[in-house]
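Colleague: Please take one part of this model, look at it closely, and then follow its surroundings outwards in a single connected account. I would be glad if each term were explained where it is first used.

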Amino acid sequence: MNITLKRAYDSPDSQDGHRVLVDRLWPRGLSKEQARIDAWPKEVAPSDELRKAFHDGRLTWGEFRRRYLGELKAHRDVVRDLAARAGRERVTLVFSAKDERRNNAVVLKQYLEMLRR
């Protein structure tokens with residue numbers, strides 16, 4: 001499986017392959033031309049409620065992760081399609097969070113890799 005993660009504010013690269021925005025909201029201050037996003041399946045983004053609760057500090061990383069995985073299971077078809085694509089070609093999950101270790105793209109990548117085992 002060939003999945004990479006990249007912040008939306010980092011420059012797109014020819015090595016990125018299929019660029020998938022995994023946030024529910026478009027990254028602030030970034031034009032579509034700058035972002036060069038190939039797909040934006042909003043179903044794989046955390047719900048607004050979950051995103052806000054984690055951002056505001058009302059949820060721990062572990063609780064966010066647990067709840068987000070539950071949300072992903074409700075969108076199995078979209079997630080499976082993304083996993084299948086990642087099995088055929090490089091997929092870059094694009095996110096806008098400042099924390100590069102604790103964000104929904106990290107959880108989604110782990111979930112996709114688990115599906116492909």
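Modeller: Leaving out residues up to four places away in sequence, Leu-93 touches Ile-3, Thr-4, Leu-5, Lys-6, Val-20, Val-22, Leu-82, Ala-105, Leu-108, Lys-109 and Leu-112, where contact means heavy atoms within 4.5 Å. Please keep in mind that this is a predicted model, in which local features need pLDDT of at least 70 and side-chain atom pairs count only at pLDDT 80 or more, while totals for chains, interfaces and linings use all residues. Residues are numbered from 1 along each chain as its sequence is written, and side-chain values use heavy atoms, with hydrogens and water left out.

Leu-93 is also one of the residues with the most contacts inside the largest nonpolar core, which has 24 residues; the others named there are Val-22, Tyr-68, Leu-72, Leu-82, Leu-108 and Leu-112. A nonpolar core is a set of buried Ala, Val, Leu, Ile, Met, Phe, Trp, Tyr and Cys residues joined through side-chain atoms within 4.5 Å, and buried means under 20% relative accessible area, exposed over 50%, and partly exposed in between, with a 1.4 Å probe and protein chains only. At least two residues of this core come from each of α2 (48-55), α3, α4, β3 and α5; helices (H or I, at least four residues) and strands (E, at least two) are DSSP runs, numbered from the N terminus. Apart from the largest core lies another one, of five residues, including Ala-8, Leu-21, Leu-30 and Ala-35.

The helices can now be taken one by one. In α4, the buried residues are Val-79, Leu-82, Ala-83 and Ala-86. These four cover an arc of only 100° around the axis, which puts them on the same side of α4; the arc is that of the directions from the helix axis to the C-beta atoms. An α-helix has 3.6 residues a turn, so residues three or four places apart point the same way. On the face of α4 turned away from its buried side are the exposed residues Asp-77, Asp-81 and Arg-88, whereas the covering of its buried residues includes β1 (3-7), β2 (18-21), α3 (61-73), β3 (91-95) and α5 (104-115). The length of α4 can be checked as well: its 13 residues (76-88) should span 18 Å at 1.5 Å a residue, and its end C-alpha atoms are 18 Å apart, which agrees. The expected span used here is 1.5 Å times one less than the number of residues.

In α3, Trp-61, Phe-64, Tyr-68, Leu-69 and Leu-72 are buried. Seen down the axis of α3, these residues fall within an arc of 130°, so they line one face of the helix, and what covers them includes α2, α4 and α5.

Helix α5 has Asn-104, Ala-105, Val-106, Val-107, Leu-108, Tyr-111 and Leu-112 as its buried residues, and they pack against β1, α3, α4 and β3. Asn-104 counts as buried because its relative accessibility is 8%. Apart from neighbours within four places in sequence, Asn-104 is in contact with Val-22, Asp-23, Pro-46, Phe-64 and Tyr-68.

Asp-23, which lies in the loop between β2 and α1, is buried too, at 9% relative accessibility. Outside its neighbours within four places in sequence, its contacts are Trp-40, Ala-45, Val-94, Phe-95, Ser-96 and Asn-104. Although Asp-23 and Ala-45 are 22 residues apart in sequence, they are 5.0 Å apart in space, C-alpha to C-alpha.

Asp-23 also leads to the largest pocket, whose volume is about 680 Å³. On a 1 Å grid over the protein atoms alone, a pocket is an open set of points where a 1.4 Å probe fits, with protein on both sides within 12 Å along at least five of seven lines, and lining residues have an atom within 4 Å of a point. Grid points are joined across faces, edges and corners, and the volume is the space filled by probe spheres set on the points. Among the 21 residues that line the largest pocket, those closest to its centre are Asp-23, Arg-51, His-55, Ser-96 and Ala-97, while α2 gives the most to the lining, with three residues.
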